[in-house]
Amino acid sequence: YDDTKIRKPGINAERMDGQTYKILWESAISADPDWVLITSWNEWHEGSEIEPSWEDGDKYIKITGEWTKQFKKTPYSNARTEKKASGISKEKADELRKLYKDKAIAVLPDFAGDSVFWLSSVGLNVKELSWQEVIDPSIFNVKNFPITVYAGYENYTQSVNENEDVDKAILKYLEDGGTLMVFPAGPFPFFYNEKGEAVSFTTKFGLPIVGGWENPPADVKLSFQIDNKRLKGLPESVEFPKTGDLRWRPCVWKPNPANKDDVYFPLARLRDSSGRIYGDGIVYIEHKVSSPRNAKIIYSWMRMTDILDMDNLLFAILTLPY
C-alpha cells in the first residue's frame with residue numbers, strides 16, 4: 001500500500017518483494033475462513049494492485065495462485081464448533097490481578113491474535129511498546145517490565161537504529177532475568193525481520209523451536225498429553241486439530257553438558273498412539289546455565305489457545321507455580 005503520491009503525508013507499506021502479501025495470506029488462512037476476498041486487483045492509485053504491472057510483471061498473479069491452492073487444499077471446517085462463553089469468573093480475574101498487581105507486562109509491537117486483549121480484559125497492567133522503546137534500556141528493562149509478551153504472527157523488527165539492536169535489547173532483558181511469554185498468532189515466532197528476511201531467531205532467544213510439518217502425517221492419531229498438575233484446570237489430553245492451519249512448529253529440547261542444569265518442563269507433549277513423541281506445544285524453560293542465562297521462557301504453539309480454550313489455558317499459564 002502506497003498512497004503518498006495522492007495524499008499528504010500518506011501511508012507507505014512496502015511490498016518486501018512479496019513477503020507482505022505472503023504474510024497477509026497466511027494471516028487470512030489462519031483465521032479459518034470460508035472465503036477470502038481480495039480487494040486490490042487494480043488499486044493503482046493506492047499502490048496495492050496485484051494485476052500485471054511494469055514493475056513486477058505477473059509475479060503477484062502467480063503468488064495469488066499459490067496461496068489460493070494452499071487455501072483450497074487445507075481441510076478447513078465448514079461449520080464452527082460451539083465454543084464456551086468467553087471470559088473467566090470474577091474470582092479468577094481477582095486472583096490474577098492480585099498475583100500480578102505489582103507487575104507491568106510489556107507487549108512487543110505488531111502483536112496479532114487475541115491473547116493480548118485477553119490479558120488486558122482481565123485487568124492486568126499491559127503496555128504495548130514501540131520498537132524504539134524496546135531498544136531504550138531506560139524503558140525496556142526487568143524492573144519496569146518483569147514479563148514481556150510476544151504475540152506477533154511470525155515477524156518482528158530486528159533493527160531500528162543499528163544492525164540487530166532489537167535482538168541485543170531482548171537478549172539483555174532476558175540475561176537480566178526477564179520472563180518472555182511467547183503466544184504467537186502464526187506458526188514460527190521471530191521468524192521474519194522487517195525486511196521480510198527469514199532469520200529464525202527463537203533459538204538465539206533461548207527457545208528451541210524447530211520446523212515440524214505443514215500438514216500432519218496421514219492416518220496417525222495425534223494427541224497432546226497435558227501436564228495438568230502444573231497447568232491446573234486443563235484436561236489430561238486433547239487431540240491435535242484436524243482443521244485450520246495445521247503447521248506444527250514444536251519446541252524440542254536436546255539435553256547436553258551446556259544445559260544440563262537448566263529447567264525444562266514439557267507442559268503439552270504431542271504423541272501418537274504408539275507413544276512416538278513429535279515435540280512440545282507448551283513449555284516452560286529456565287536458563288540457569290545456558291544462554292541466555294537467567295531467562296525464563298514460556299511458549300505456547302499458535303493453536304493451543306483454541307484447542308484448549310483460551311480462558312482456561314491463559315489462566316493456567318499465568319498461575320504456573322514458579
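**View 1. The second largest pocket holds about 400 Å³ of space.** Twenty residues line this pocket, and those closest to its centre are Y21, L24, S40, S48 and I50. A pocket here is an open set of points on a 1 Å grid over the protein atoms alone, where a 1.4 Å probe fits, with protein on both sides within 12 Å along at least five of seven lines; lining residues have an atom within 4 Å of a point. Grid points are joined across faces, edges and corners, and the volume is the space filled by probe spheres set on them. Helix α1 (residues 19-30) gives the largest share of the lining, six residues. By type, the lining divides into 11 nonpolar, six polar and three charged residues. Here Ala, Val, Leu, Ile, Met, Phe, Trp, Tyr, Cys and Pro count as nonpolar, Asp, Glu, Lys and Arg as charged, and the others, Gly among them, as polar.

A word on the model: it is predicted, so local features need pLDDT of at least 70 and side-chain atom pairs count only at pLDDT 80 or more, while totals for chains, interfaces and linings use all residues. Residues are numbered from 1 along each chain as its sequence is written, and side-chain values use heavy atoms, with hydrogens and water left out.

**View 2. S40 sits in the loop between α1 and α2 (59-73).** With a relative accessible area of 18%, S40 is buried (buried means under 20%, exposed over 50% and partly exposed in between, for a 1.4 Å probe and protein chains only). Its side chain makes a polar contact of 3.3 Å with the side chain of S48. Such a contact is a pair of N or O atoms within 3.5 Å; within protein, one must be able to donate a hydrogen and the other to accept it, and residues adjacent in sequence count only if both atoms are side-chain atoms. Leaving aside residues up to four places away in sequence, S40 touches S48, E49 and I50 (contact means heavy atoms within 4.5 Å).

**View 3. Helix α1 has the span expected for its 12 residues.** Its end C-alpha atoms are 16 Å apart, in agreement with the 16 Å expected at 1.5 Å a residue; the expected span is 1.5 Å times one less than the number of residues. Helices (H or I, at least four residues) and strands (E, at least two) are DSSP runs, numbered from the N terminus. Buried in α1 are Q19, Y21, K22, I23, W25, E26 and I29, and their cover includes α2. Just after the helix, D32 takes a positive phi of about 55 degrees.

**View 4. Helix α8 (residues 310-318) is largely enclosed by the rest of the structure, because eight of its nine residues are buried.** These are M310, D311, L313, L314, F315, A316, I317 and L318. Among the elements covering them are α3 (90-99), β8 (277-286) and α7 (304-307). At the start of α8, a side-chain oxygen of D309 comes within 3.2 Å of the backbone nitrogen of D311.

**View 5. Two cis peptide bonds precede prolines P9 and P292.** The bond between K8 and P9 has an omega of about 0 degrees, and P9 belongs to the segment before α1. Between S291 and P292, omega is about -5 degrees; P292 lies in the loop between β8 and β9.
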